[in-house]
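Here is a protein chain to get acquainted with. Take a moment to look it over, and then we can walk through its parts together.

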Amino acid sequence: MNMFNYKALPINVHFGQGRAKETKNILKEYNFASVLIITTPEQEADGQKLAEQLGELCVGVYPKAVMHVPVEVAEQAILEADKLKVDCCLALGGGSTIGLAKAIALKTSIPIVAIPTTYAGSEMTTVYGLTENRLKTTGKDLKVLPKVVIYDPELTLTLPAKISACSGMNAMAHAVEALYAQDKNPIISLMALESIRSLKDALPIIVQDPHNIEAREKATYGAWLAGICLGSVGMAIHHKICHTLGGTYNLPHAEAHAISLAYSVHYNRNADIEAMTQLAQALGGTDHQQVGNLIYELNQKLNIPLALKDIGLPKEGPQTVAKIVCDSPYYNPRAYDYAELEQLMQRAYQGLPPN
Ligand code: NAD
């Protein structure tokens with residue numbers, strides 16, 4: 001076995017159906033007494049319901065989280081938290097909501113309790129993002145890591161089938177890239193494979209029957225493990241492609257991940273054969289050469305849009321993305337080859353199978 005480093009992040013996790021009902025007691029355990037609930041406008045009613053359960057512990061609901069945390073939104077939220085003398089931000093929602101809580105924590109050190117309702121995984125990472133003049137910058141800081149995360153699969157029952165499928169594949173992408181990360185290690189690889197298997201089994205059921213609680217539980221479990229992968233090891237070509245698709249073309253985050261993953265793993269199929277064989281097996285196949293098509297077929301089964309052109313990538317997108325990715329690359333187990341990457345991005349643009 002090769003040498004490796006492993007560092008666990010300090011987060012307390014409470015997992016299981018109905019656990020959100022324990023939120024008040026959990027907040028009391030940490031002596032939080034002035035809690036601001038953060039949601040998107042769409043999830044405000046859920047925030048109000050939670051506020052009623054928290055009673056005197058809750059000082060308000062702040063329903064203004066939006067995608068990619070614009071600095072103006074963060075600044076307003078920081079003022080509100082200051083005005084209300086908040087001692088804990090409770091993020092109820094997906095990556096956008098947790099992202100706003102992180103922006104507040106970055107400036108104020110107010111601790112975060114997160115109750116994730118998608119599969120994006122931000123709650124398990126020290127990564128924050130802020131957008132100014134359409135430019136998103138990201139950084140890492142332990143201050144933004146939630147102290148406590150409550151995973152209650154019941155809260156994901158309302159997530160529409162299409163968003164569930166894309167969000168689940170977004171999670172799977174974190175686990176997939178952990179398998180061939182520069183700083184990969186055996187513990188994270190175990191979690192990654194368990195995550196991929198769980199998501200591969202659960203997502204097709206959810207798409208057919210979004211109220212299937214067993215499948216929701218399995219997907220939440222897979223997403224939690226994927227979040228740990230994202231928070232623990234570095235990502236590679238796939239995340240670079242998606243950050244470019246989001247940053248340059250503002251494509252929707254989860255869909256961009258879901259579509260691109262098939263092409264990213266196909267590009268790497270011969271780069272780390274042990275990891276890619278494990279990936280193929282976790283997806284129900286046998287051979288590392290199959291990985292791209294296995295993801296593509298899973299996306300088909302999940303009714304995920306297959307073509308980047310269908311989610312807003314313009315015609316010149318494949319060339320530009322391939323160029324940006326090659327000009328400012330992340331670590332990848334295989335060297336960047338512009339011509340091959342551009343050709344793969346063309347296939348992703350059209351929604352053709354990776355080979
Ligand atoms: P999101 O948080 O934007 O949520 C998408 C929509 O679904 C929102 O309208 C939301 O209110 C709604 N929603 C969420 N849960 C719901 C539920 N259970 N029922 C009904 N509606 C629900 O989407 P996301 O994909 O979770 O997050 C994307 C953002 O998170 C991006 O900005 C991405 O960059 C960021 N992110 C950050 C990290 C990190 O480590 N910092 C990791 C992953 C994603």
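Before anything else, one term: a salt bridge is a side-chain nitrogen of Lys or Arg within 4 Å of a carboxyl oxygen of Asp or Glu. With that in hand, look at Glu340 and Arg334, whose side chains meet in a salt bridge at 2.7 Å, N to O. Glu340 is partly exposed, at 23% relative accessibility, and Arg334 is partly exposed too, with a relative accessible area of 23%. Keep in mind throughout that this is a predicted model.

**Salt bridges**

How many salt bridges turn up in a search of the whole structure? The search finds eleven. Here are some of them, with the closest N and O atoms given as a distance.

| Acidic residue | Basic residue | N to O distance |
|---|---|---|
| Asp272 | Lys184 | 2.8 Å |
| Asp201 | Lys200 | 3.1 Å |
| Glu340 | Arg334 | 2.7 Å |

Salt bridges that share partners also join Lys200, Asp201 and Lys218 into one network.

The bridge between Asp272 and Lys184 links distant parts of the chain, with the two positions 88 residues apart. Asp272 sits in the loop between helix H9 (253-267) and helix H10 (273-282), while Lys184 sits in the loop between helix H5 (161-179) and H6. Is Asp272 buried or exposed? Asp272 is buried, because its relative accessible area is 15% and the cut-off for buried is under 20%. Its partner Lys184 is partly exposed, at 32%.

**A closer look at Lys200**

Lys200 belongs to helix H6, which covers residues 186-208. Its relative accessible area is 23%, so Lys200 counts as partly exposed. Asp201, its salt-bridge partner, is partly exposed as well, with 32% relative accessibility. The side chains of Lys200 and Asp201 also count as a polar contact, again at 3.1 Å.

Which residues does Lys200 touch, once those up to four places away in sequence are set aside? They are Met172, Ala282, Leu283, Gly284 and Leu298. You can also find Ala219 from here: its C-alpha atom is 8.6 Å from that of Lys200, and the two residues are 19 apart along the chain.

**Two domains and what lies between them**

Now step back to the whole chain. The protein is divided into domain 1 (12-156) and domain 2 (161-350), and their C-alpha centres are 26 Å apart. Domain 1 puts 16 residues into the contact, and domain 2 puts in 23 residues. About 1700 Å² is buried between the two domains, and carbon and sulfur atoms give 64% of that area. No salt bridges are counted between domain 1 and domain 2, but five residue pairs are in polar contact across their interface.

**The nonpolar cores**

In soluble globular proteins, nonpolar side chains tend to be buried together. In this model, the largest nonpolar core has 100 residues. The members that touch the most others are Leu100, Met169, Met172, Ile196, Val265, Leu279 and Leu308. Why does this core lie between the domains? Domain 1 and domain 2 both give residues to the core, so it lies between them.

Apart from that core lies another, of 18 residues, including Ala51, Leu54, Leu57 and Val148.

Leu100 is a good place to zoom in. Leaving aside neighbours within four places in sequence, Leu100 is in contact with Ile38, Tyr62, Lys64, Ala65, Val69, Val73, Ala74 and Ala77.

**Helix H11**

Next, find helix H11, made up of residues 291-301. Its buried residues include Val291, Gly292, Leu294 and Ile295, along with Tyr296, Leu298 and Asn299. What do the buried residues of H11 pack against? They pack against H5, H6, H9 and H10. Just after H11 comes Asn303, which takes a positive phi of about 55°.

**A buried threonine in a loop**

One last stop is Thr126, in the loop between strand E5 (112-116) and strand E6 (127-132). Thr126 is buried, with a relative accessible area of 10%. Not counting residues up to four places away in sequence, Thr126 touches Leu9, Gly139, Lys140, Asp141, Leu142, Val144 and Leu145.

Notes. Residues numbered from 1 in each chain as written. Predicted model: local features only at pLDDT ≥ 70, side-chain atom pairs only at ≥ 80, totals over all residues. Heavy atoms only, no water. Core = buried A, V, L, I, M, F, W, Y, C linked by side-chain atoms within 4.5 Å. Buried < 20%, exposed > 50% of the residue type's maximum accessible area, 1.4 Å probe, protein only. Domains from an automatic or database assignment. Contact = heavy atoms within 4.5 Å. Helix = DSSP H or I, 4+ residues; strand = E, 2+ residues; numbered from the N terminus. Polar contact = N/O pair within 3.5 Å; in protein donor to acceptor, adjacent residues only side chain to side chain. Buried area = accessible area lost by both parts, 1.4 Å probe.
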